[in-house]
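Dear colleague,

Here is the structure we spoke about. My notes on its sheet follow below.

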Amino acid sequence: KSDPKRIAAIGWNVVRLIVSWSRVEPSPGRYDEAYLRTVAAQVRRLRNQGVYSIVDLHQDAWSATLAARPDEVCAENTKPALGWDGAPAWATLDDGGARCYLGTRELSAAVQNSWSAFFADRPAADGVGIQTRYVAMLRHLGRTFAKDSSVAGIDVMNEPGAFGDEAQAALSRFYARAVTAIRQGEKDGRGLRHLILVEPSVTWSITSK
């Protein structure tokens, strides 16, 4: 509870406030408004200390649901995936890929298959494309925070797993959809035009250390 005050005392004036798609949209098309009220409450706590928030749609290696199965057998020198954070189970289409990795978690077959499904906008069990659902979720977030001037912006996705030219092009198309959706959400909420932040592929993070 003391974090906002400590952050302000250090001299910082903005925080990336981590938000998870799996919490925002636990089932297709259904948004957890109680969770979003919790996020809004943290935004207010920060605002009261003069600190802006960037609503950061965070993910690491796609989803917590990609943890290795109990009976997973990993090849020599690879290790079972822990399962990290981000997408809900219903939007995780890994095609049964191995949940093992060598050094870099983003390179596991299950994680890469899940990203390929996202960029291709493959449908979940309800028949709607998972990228389409994500974009609709961004519109909802745009509307939710439309009138909040202490939200500095929305970070569309942390470290997207776009490897290679084809995936990079797909990432660009996704970002175009995301910008349109957020702007429409702000318009729906009769609010402000916030900053929209986009990140390069996780390749940049992996290779720039």
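**The sheet and its helices**

In this predicted model, S53 has V151 of strand 5 opposite to it. Strand 5 covers residues 151–155 and runs parallel to strand 2, the two being joined by four bridges. Strands here are DSSP runs of E with at least two residues, helices are runs of H or I with at least four, and both are numbered from the N terminus. Two strands count as paired if DSSP finds at least two bridges between them.

Helix 3 (residues 33–47) packs on the sheet and touches strand 1, strand 2 and strand 5; contact means heavy atoms within 4.5 Å. The direction of helix 3 makes about 170 degrees with that of strand 1. Such angles run from 0 to 180 degrees between N-to-C directions, with axes fitted to C-alpha atoms, for helices over the stretch in contact. Helix 5 (residues 130–144) also packs on the sheet, where it touches strand 2 and strand 5, at about 165 degrees to the direction of strand 2.

On the other side of strand 2 (residues 52–57), six bridges link it in the parallel sense to strand 1, and V14 stands opposite Y52.

The sheet as a whole is open, with four parallel-paired strands in the order 1-2-5-6. Strand 1 and strand 6 (195–197) are its edges, each pairing on one side only.

Residues are numbered from 1 along each chain as its sequence is written. Local features need pLDDT of at least 70 and side-chain atom pairs 80 or more, while totals for chains, interfaces and linings use all residues, and side-chain values use heavy atoms, without hydrogens and water.

Regards
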